[in-house]
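Could you walk me through this protein model, step by step, as you would for someone in their first year? Please explain the terms along the way.

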Amino acid sequence: ILLLNRLLTLADATPPGSEIERSSLGEREEKLNQLKSWLNSQLVVKISDGRTIVGDFLCTDKDANIILGATQEFPPTKSSRDSRQIGLVMVPGSHIVSIHRRK
């Protein structure tokens with residue numbers, strides 16, 4: 001299970017030109033490339049109220065909010081009969097518990 005690491009907040013929080021900034025540039029680039037590789041992939045997102053959201057990863061922002069398309073929502077119960085199709089969804093980053101890419 002991968003977390004988005006609050007989308008590069010480490011790089012945003014370091015002062016320009018600092019040694020920490022220089023050493024974390026490679027790490028930031030690696031995370032950015034990972035996010036780019038996830039574009040249009042199907043993600044499984046567990047949120048803080050127990051629901052699971054499955055949809056195509058379309059975009060994100062610096063607050064770790066994500067936009068998913070062609071989305072299906074599953075309640076905390078394990079029954080797939082209770083799922084519902086909900087289309088385009090914005091999931092607030094503060095409610096994301098875990099994310100993984102469906103292969």
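**A walk through the fold**

Let us begin with one small detail: the backbone oxygen of Gln34 lies 2.6 Å from a polar atom of the side chain of Ser37. This is a polar contact, a term for a pair of N or O atoms within 3.5 Å; within protein, one must be able to donate a hydrogen and the other to accept it, and residues adjacent in sequence count only if both atoms are side-chain atoms. Ser37 itself sits in helix α2, and with a relative accessibility of 38% it counts as partly exposed. Here buried means under 20% relative accessible area, exposed means over 50%, and partly exposed is in between (1.4 Å probe, protein chains only).

Before going further, a word about the model: it is predicted, so local features need pLDDT of at least 70 and side-chain atom pairs count only at pLDDT 80 or more, while totals for chains, interfaces and linings use all residues. Residues are numbered from 1 along each chain as its sequence is written, and side-chain values use heavy atoms, with hydrogens and water left out.

Now step back to the whole chain. It has two helices and five strands, and reading along the sequence gives the pattern α-α-β-β-β-β-β. Helices (H or I, at least four residues) and strands (E, at least two) are DSSP runs, numbered from the N terminus. Of the 103 residues in the protein chain, 32% are buried. The chain exposes about 6,600 Å², and carbon and sulfur atoms supply 54% of that area. Accessible areas come from the Shrake-Rupley method with a 1.4 Å probe; for residues, only the protein chains shown count as cover.

How are the five strands arranged in the sheet? They form an open sheet in the order β4-β3-β2-β1-β5, with antiparallel pairing. The edge strands are β4 and β5, each of which pairs on one side only. Two strands pair if DSSP finds at least two bridges between them. In general, strands of a sheet pair through backbone hydrogen bonds, either parallel or antiparallel.

We can follow some of these pairings one at a time. Strand β1 (residues 42–47) runs antiparallel to strand β2 (residues 52–60), and five bridges join them; in β2, the bridge partner of Gln42 is Asp56. The hairpin of β1 and β2 has four residues between the strands, and in it Gly50 takes a positive phi near 100°. On the other side of the pairing story, β1 and β5 are also antiparallel, over five bridges, with Arg101 in β5 as the bridge partner of Leu43.

Next comes the partnership of β2 with strand β3 (residues 66–74): the two run antiparallel and seven bridges join them. Thr60 stands opposite Ile66 in β3. Their hairpin has five residues between the strands, and Ala64 is found in this loop between β2 and β3. Ala64 has a positive phi of about 70° although it is not a glycine. Is Ala64 buried or exposed? Ala64 is buried, with a relative accessible area of 0%. Ala70, in strand β3, also has a positive phi, near 50°, and is a residue other than glycine. Ala70, however, is exposed, with a relative accessible area of 51%.

Gly55 is a good place to look at neighbours. This glycine lies in strand β2 and counts as buried at 0% relative accessibility. Leaving aside its neighbours within four places in sequence, Gly55 is in contact (heavy atoms within 4.5 Å) with Ser41, Gln42, Leu43, Leu68, Gly69, Ala70 and Thr71. Among contacts in the chain between residues at least 6 apart in sequence, 46% join residues at least 24 apart.

Finally, look inside. A nonpolar core is a set of buried Ala, Val, Leu, Ile, Met, Phe, Trp, Tyr and Cys residues joined through side-chain atoms within 4.5 Å. The largest one here has 13 residues, and those with the most contacts inside it are Leu43, Val45, Phe57, Ile66, Leu68, Val91 and Ile99. At least two residues of this core come from each of α2 (19–38), β1, β2, β3, β4 (84–91) and β5 (96–101). The largest share, three residues, comes from β1.
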